[in-house]
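Trainee: Before we discuss this chain, please put the sequence and the model on the screen. I would like to go through the strands and then the helix packing.

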Amino acid sequence: VHCSTAYVATSKAIKNQHDATTTSSGHMGKLINGPESLSTIFADGEATTLYNLIMNGNDIDINIIQSMLQTRGFPNTYTFTKCLAEVLITERSKGYVPMAIVRPSIVSVSIKYPTPGWIDSLSALAGCLFLMGGGFIHTAIGDPTVNLDVVPCDYVAGRLIDAAFTETLDINNPVVIHATAGKENSLGIEALVMYAANYFTSDKTTFLKPFIRPRLVSTKKSIRKSIRKDERRLRAIALYLSLTGKKRLAKKIGKVIPSLAKVAHGFDHFASFGYDFYSRTPINEFVADFDIYSYCDLIHQGTYFYLLRRGVESLDMSKPKYNILAKVERVQEQSQYCKYLPSSKLGF
């Protein structure tokens, strides 16, 4: 079983799709269809040749890389190399090893295992929410009309296990499985940002105040301007702390400043273009009564407690059915804490 990403799925109009996925072109919010099938963008042997060039340490001209991305419909090297890995694994396993490729979308906090709200990674969406919730950044990047396809990490783990033990696999035809929420279970960027603003600003004890009025920006010019504004604010705070003898705290804030642009630009494509991932088995078949709005509350609770490391006494429990404090063994009994009841397949 190989874990890939749903964002390797490209539409038929590959050239047009790349134009849309390049934010500098100004085409924002374009819906990109993600089929649940293997990619056919590489000619026979082309993937192996490219892989050998990379592994041998050969320098590949940046123009060649850009051309590859453009002609094949990928927004960045992350999605391109994920697709390359799928093709290589398929070619090398065919006729020898039965193979399943599981493609999750944006992975976030757990919904049940090992405990509701658990997360230990600052990548992708979590990194953005960490900076927002910590008061480091007031910039939110994305098109307000775009929906994010976000899924729980334990749901993805369950789909990987399910693929290994319950799918009927063929040594000649790999199975592709989308571990995605789907368009109907996705949350709009604007709603996510407002949820975050309402949640994180409820804590009045923090030194750096989370954004009360987040700046939702979408063009490169406005993104750069907004990020620079956040950076200047943090530099001023760090200088004040240093002058008042709090040099350790000033140093910590100084280390965060370079990450603002990196995190924001690393996630801008996924927040600027909508994806509609088709899946033969919707998330509701594995996670009973999945509700994206309530799951959004759990995402913020998990970010607050596990990433920002704030105390449980400061958690906002105004919506208790997604309580991060609920013990795993009590989830079934106390539906007021978590309404994701066990399903017949994965124990959710």
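**Strands and helix packing**

Mentor: Begin with E8, which is covered on both faces: Val-175, Ile-177 and Ala-179 on one side and Val-176 and His-178 on the other are all buried. Keep in mind that this is a predicted model.

Trainee: How many helices and strands does the chain have, and what share of its 348 residues is buried?

Mentor: The secondary structure comes to ten helices and eleven strands. Among contacts between residues at least 6 apart in sequence, 79% join residues at least 24 apart. Of the 348 residues in the chain, the buried share is 49%.

Trainee: What is the strand order in the open sheet of three strands?

Mentor: E1 and E3 pair in the parallel sense over two bridges. E3, residues 100-104, also pairs with E8 in the parallel sense, over five bridges. The order of the open sheet is therefore E1-E3-E8.

Trainee: Why is one side of E1 and of E8 left without a neighbour in the sheet?

Mentor: The sheet is open and has three strands with parallel pairing. E1 (2-3) and E8 (175-179) have one side without a neighbour because each stands at an edge, with a single partner strand.

Trainee: Which helix packs on this sheet, and what angle does its direction make with that of E8?

Mentor: The helix is H6, residues 153-165, and it touches E1, E3 and E8. The direction of H6 makes an angle with that of E8 of about 160°.

Trainee: Which residue of E8 is the bridge partner of Pro-104?

Mentor: Take the other positions of E3 before that one. Ile-101 stands opposite Val-176 in E8, and Arg-103 stands opposite His-178. Ile-101 is also the bridge partner of His-2. For Pro-104, the bridge partner in E8 is Ala-179.

Trainee: Which residues of E3 point the other way from Ala-100, Val-102 and Pro-104?

Mentor: In a regular strand the side chains alternate between the two faces of the sheet. E3 is mostly covered, with five of its five residues buried. Pointing the other way from Ala-100, Val-102 and Pro-104 are Ile-101 and Arg-103.

Trainee: Now the helices. Is H7 oblique or roughly perpendicular to H10?

Mentor: H7 (residues 189-200) and H10 (residues 292-307) pack at an angle of about 50°, with their axes 10 Å apart. The range for roughly perpendicular is 65 to 115 degrees. H7 is therefore classed relative to H10 as oblique.

Trainee: Is the crossing of H7 and H10 left-handed or right-handed, and how do the contact residues divide?

Mentor: H7 passes H10 in a right-handed crossing. In H7 the contact residues are Leu-192, Tyr-195, Ala-196, Tyr-199 and Phe-200, and those they meet in H10 include Tyr-293, Cys-296, Asp-297 and His-300. The residues of this contact divide into eight nonpolar, three polar and one charged.

Trainee: Is H5 oblique or roughly perpendicular to H10?

Mentor: H5, residues 125-133, packs against H10 at an angle of about 70°, with the axes 10 Å apart. The range that applies is 65 to 115 degrees. H5 is therefore, relative to H10, roughly perpendicular.

Trainee: How many nonpolar, polar and charged residues are in the contact of H5 with H10?

Mentor: Ala-126, Leu-129 and Phe-130 in H5 meet Ile-299, His-300, Thr-303 and Leu-307 in H10. These residues divide into five nonpolar, two polar and no charged.

Note on methods:
Residues are numbered from 1 along each chain as its sequence is written. This is a predicted model: local features need pLDDT of at least 70, side-chain atom pairs count only at pLDDT 80 or more; totals for chains, interfaces and linings use all residues. Side-chain values use heavy atoms; hydrogens and water are left out. Two strands pair if DSSP finds at least two bridges between them. Helices (H or I, at least four residues) and strands (E, at least two) are DSSP runs, numbered from the N terminus. Contact means heavy atoms within 4.5 Å. Axes are lines fitted to C-alpha atoms, for helices over the stretch in contact, and angles run from 0 to 180 degrees between N-to-C directions. Angles under 35 degrees count as roughly parallel, over 145 as roughly antiparallel, 65 to 115 as roughly perpendicular and the rest as oblique. A crossing is left-handed if the near helix is turned anticlockwise from the far one by less than a right angle, and right-handed if clockwise. Ala, Val, Leu, Ile, Met, Phe, Trp, Tyr, Cys and Pro count as nonpolar, Asp, Glu, Lys and Arg as charged, and the others, Gly among them, as polar. Buried means under 20% relative accessible area, exposed over 50%, partly exposed in between (1.4 Å probe, protein chains only).
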